[in-house]
Amino acid sequence: MSRPAYPLSILEFQDRFATEEACRDYLFESRWPDGFVCRQCGAQRAGVLHRVRLVWQCKVCGAQTSVTAGTVMHRTKLPLRTWFWAAYLVATHHPGISAKQLQRQLGLSRHETAWALLHKLRGAMVAPERTLLSGAVEIDEFFLGGYEEGLKGGRQRGKKALVAVAIETRGRGSGRVRMAVLTDASGPSLLAFAQATTEPETIVYTDGLASYRVLARHRYDHCARPQRTAVQGEDVLPKAHRAISNLKAWMHGTHRGVSDHHLPSYLDEFVFRHNRRRTPMAAFQTLLGLSAQHEPLTYPDIIDRAA
Ligand SMILES: [Zn+2]
């Protein structure tokens with residue numbers, strides 16, 4: 001069965017999730033699209049054990065399940081509405097929203113609360129990117145950054161980070177993207193990146209860098225396109241280059257002076273946004289942890305003992 005429908009506009013969102021009750025119902029419908037089913041005995045009769053804490057109890061065997069189990073909201077002290085709005089803003093705010101903006105928009109009194117919310121929602125941006133790219137993929141590497149805030153407040157010259165990009169080509173458009181920080185542009189580094197992101201047997205387009213030749217020896221259908229062989233004005237890796245310039249514009253606009261330490265999580269966020277740019281519903285549900293909740297849960301995850 002399908003999940004409950006996702007509101008398409010901000011007004012629809014506001015109407016749909018106007019109360020705590022409505023948010024609870026949405027969580028219930030997301031977990032049990034066909035009505036309650038006991039995870040232990042399969043019975044379909046349940047009573048609400050603790051309405052406020054969202055725990056349901058099977059009327060046959062007594063097993064308890066919290067509707068927030070396995071989601072990012074588990075054991076939260078914040079209203080569900082706050083979580084829903086935060087996920088909505090993070091999912092639909094294209095340049096990426098800051099903790100300060102989130103605090104203001106949601107009327108939170110403490111900056112720490114906004115920061116923690118954002119941190120939890122961002123945590124969900126990493127896990128879903130596990131399946132490998134396939135079909136035809138462009139792989140390229142590029143330098144990013146180079147300036148960081150100095151300890152004394154002045155702008156110091158920092159080290160540029162080497163980043164790799166892999167992106168599916170789908171006719172004139174592009175499909176999913178992956179990015180990662182590389183230690184160097186050697187054959188082993190680029191092969192490791194390809195293997196972590198792209199299925200074997202895939203057609204992989206690269207520029208003429210000699211390090212990429214290793215791909216052909218490891219089950220990739222490697223196609224090198226040296227820039228010098230291109231017709232003047234032709235871009236040999238158009239999808240990869242567009243993704244790189246989008247990333248640079250995004251980093252420049254919202255995340256100036258990102259340290260090397262935080263760069264991987266910004267790359268994850270960019271990849272998450274790119275891959276869900278046409279499916280805000282998937283982004284919203286993934287951020288709240290609703291898409292992972294049908295996976296096996298451990299006992300402390302299932303029972304909301306903080307009630
Ligand atoms: Zn039961």
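How are the donor residues of the zinc ion spaced in sequence? In this predicted model, the spacing follows the pattern C-x2-C-x16-C-x2-C, and the protein donors themselves are the SG atoms of Cys-38, Cys-41, Cys-58 and Cys-61, which lie 2.3 to 2.4 Å from the zinc ion. The angles subtended by the four donor atoms around the zinc ion run from 104 to 116°, and the arrangement is therefore tetrahedral.

From the metal site we turn to the helices, where a pair is described by the angle between the two axes and the distance between them. Helix α2, covering residues 20-31, crosses α3 at roughly 70°, with the axes coming within 8 Å; the two helices are therefore roughly perpendicular to each other, and the crossing is left-handed. On the α2 side the contact involves Glu-20, Cys-23, Arg-24, Tyr-26 and Leu-27, which meet Leu-80, Arg-81 and Phe-84 of α3. By class, this contact of α2 with α3 comprises five nonpolar and three charged residues, with no polar ones.

Helix α3, residues 80-92, also packs against helix α4, residues 99-106, at an angle of about 130° and with the axes 11 Å apart. Angles that are neither under 35 degrees, nor over 145, nor from 65 to 115 count as oblique, and α3 and α4 are therefore oblique to each other, in a crossing that is right-handed. Here Thr-82, Trp-85, Ala-86 and Leu-89 of α3 meet Leu-102, Gln-105 and Leu-106 of α4, and the residues of this contact divide into five nonpolar and two polar, with no charged residue among them.

Technical notes
Residues numbered from 1 in each chain as written. Predicted model: local features only at pLDDT ≥ 70, side-chain atom pairs only at ≥ 80, totals over all residues. Heavy atoms only, no water. Axes fitted to C-alpha atoms, helices over the stretch in contact; angles between N-to-C directions. Helix = DSSP H or I, 4+ residues; strand = E, 2+ residues; numbered from the N terminus. Left-handed = near helix turned anticlockwise from the far one by under 90°. Contact = heavy atoms within 4.5 Å. Nonpolar A, V, L, I, M, F, W, Y, C, P; charged D, E, K, R; others polar. Donors = N, O, S within 2.8 Å, 3.2 Å for Na, K, Ca; no water. Tetrahedral: all angles 85-135°; square planar, octahedral: opposite > 155°, others 65-115°.
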